[in-house]
Amino acid sequence: MSDNEVAMPKEAVDAAAVAALIAPVPETVGGAELVQLLTPEGERVEHPEYSAYIADLTDEDLRGFYRDQVLIRRVDAEATALQRQGELGLWASLLGQEAAQVGSGRALRPQDYAFPTYREHGVAWCRGVNPLNLLGMFRGVNHGGWDPNENNFHLYTVVIGAQTLHATGYAMGIQHDHAVGTGDPDRDAAVIAYFGDGATAQGDVNESFVYAAAMNAPVVFFCQNNQWAISQPVERQSRIPIYQRARGFGFPGVRVDGNDVLAVYAVTKAALDAARSGQGPMLIEAYTYRMGAHTTSDDPTKYRVSAEVEVWKLRDPIARLKAYLTSSAKADKAFFEAVEGEADELAVTVREGCLSMPDPEPLSMFDHIYVEDHPLVEAERAGFAAYSASFEGDH
Amino acid sequence: MSKITIGKAINAGMRRAMERDPKVVIMGEDIGKLGGVFRVTENLQKDFGEDRIIDTPLAESGIVGTAIGMALRGYRPIVEIQFDGFVYPAFNQIVCQVAKMRPRSLGKIKLPMVIRIPVGGGIGAVEHHSESNEAYFAHTAGLRVVACSNPEDAYWMIQQAVESDDPVIFYEPKRRYHEKGELDLAGAAAPRPLFEATIARPGEHVTLATYGPMVKVCLDAATVAAEEGKSIEVIDLRSLSPLDLDTVATSVEKTGRLVVAHEASTFLGMGAEIAASVSERCFYHLESPVIRVGGYNLPYPPSRLEEEFLPNLDRVLDGVDRALAY
């Protein structure tokens, strides 16, 4: 045996420890360490660490969480319908993930910054982004186009996981601005990076974990484990529960019931508070389920059984909050009806806004490629304009 | 006026950029205490601190990806990629994110960052340390690509690249880092605009367009050719995107002949684009086809063969002779 070989016979490995490490998480609950404050039946339960983070929530806040979820689900349903009618080229539905997105989105402060994937419609809603802006890229009139700095909500990123590095770099910028750990609640800021279970296989996500840990950057990694990366179950991406990966990178990880808006809010608030105060990154795995297809181009009947979907229907995030609000008398029938009415109006607004969204002027495709003039772009713009003009009156 | 190496000129240029703008930071592998593997960032961390000269973990996608985030936060990062062949792990971030962020936002955000890449062969290195990958990035809309060839340009161009509000890929001629040239650090002369080519040597019979580490080879070739009565006009392109075709076309209209030389493989290299564009613009002025002199269409060979692979003075002169034969 040469010097650099390590004597590690296989039988020396603790088989039980390995088995425990890779034991599948019980499907019904998402694992023993799942943080939950609201059961699927809508019953409030306490958590020794996280109950405190929702203590300040008013009844109005709770009704707000409900309203947010109902409204964005309606926007989502309308967008899916618009795609089916040929008005959108594609839509990525958030159905089932409303609590994960609203709970985390509402935990953000104005000075915090969110880096989404392409499915964070609920977070966008919480940040004040007009839902119509989200439809633009799916209709094909732009690739996003909103001003990220207006709502501290970055543009949708389509390449899986790439935005986690942007989030980490942005968090490093916050550190450089000395906007971490000052104790000033209006100054200290954090970043939240959204991604899915599939993205955890990406190099960029793992590099962002390395960078955030090495720099102690104020970034919260928010993984919505919706169990499916298009057709691949989460087991194809990770041999251990995703939240446990954080430990290997040197920061805490926590698994939260992603369909429990209160628990998501509490866990995210705790992680953001820690990040803002200078304690560095944290990984949150929001254990949820993609109730719909990956996108409107997908057909989940080819790779998953409907019984699984039926089980998750019983854990619906909106139904459980409604049950809680009702049983605790924090909301009445009039409130629920008012939200439904508001959702109907919003759907009409979204539909009309989508239908009246004009195609961009052809020449505009040459705009905004560079800040400063680029001779080739300008030459091709002029060439295209002349070519187009050559057809005028020639019908 | 004093003599300075290209490496030290880039160092001095970055130093000035950092003094001028506190938002300028440098990110890369081993750039702090070590001063980079080529010492281009030497002493900068000592003078500007670890906050501004950031030693990163060893992951290139991470360097570029986090630099994007820094730029989004209002910083102007200079990224150092250690060697040309190590930029590929960051290719996705550069091509999909750096280049496309501004159009994605319909012009609402900008991404001012400089990605410095030591480029080319001739240093006897192992695999992945001698590549010329400029065509990939010049092909990518949204990026600007420049290549310096001498200390004076290096000093000014790095500062201009930092000042640009667009992302700039900045190629440094690796095998010439230690070559000296004149640089008037105290001089007030306004530098040439970053994206303009320059006539490095005027001539009458053939235009020889090149950039980066090949500029010196081409100037030497012109000197030799002059002894044989052939007058070569050498153009240092300096900018590869945008490409200053006006300067090239004006020269070709005078000489009627064009040779393009670069280390990169000729197939779909910068020379191919220049040949096509000049053929379109200068068809009636051309006395011969545009001749390309470049690397062969191979993965970069083991270093014991690189002298055969890289275009040298004789290969450039052979190209000139082929152009003049028509």
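Okay, let's start with helix α9, residues 245-255 of chain B: this helix lies across β10, β11 and β13 (258-265) of chain B, and runs at about 160° to β10(B). Quick note before I go on: this is a predicted model, where local features need pLDDT of at least 70 and side-chain atom pairs count only at pLDDT 80 or more, while totals for chains, interfaces and linings use all residues. Residues are numbered from 1 along each chain as its sequence is written, and chains are lettered from A and ligands numbered from 1 in the order they are written.

Some terms. Helices (H or I, at least four residues) and strands (E, at least two) are DSSP runs, numbered from the N terminus. Angles, from 0 to 180 degrees, are taken between N-to-C directions of lines fitted to C-alpha atoms, for helices over the stretch in contact. Contact means C-beta atoms, placed from the backbone, within 7 Å.

There's a second helix here too: α12(B), residues 313-324, lies across β10, β11, β13 and β14 of chain B, at about 165° to β14(B).

So what order do the strands take in this open sheet of five? It goes β9-β11-β10-β13-β14 in chain B, with mixed pairing. Pairing needs at least two DSSP bridges between two strands. At the edges sit β9 (198-201) and β14 (291-295) of chain B, each pairing on one side only. Neighbouring strands are turned by 30° against each other on average, ignoring direction.

Zooming in, β10 (206-210) and β11 (232-236) of chain B pair in the parallel sense over five bridges. A209(B) has I235(B) in β11(B) as its bridge partner.

Last bit: 34 residues of chain B are in contact with 35 of chain A. On chain B's side, α3(B) gives the most, nine residues.

How values were computed. Two residues are in contact if their C-beta atoms, placed from the backbone, lie within 7 Å.
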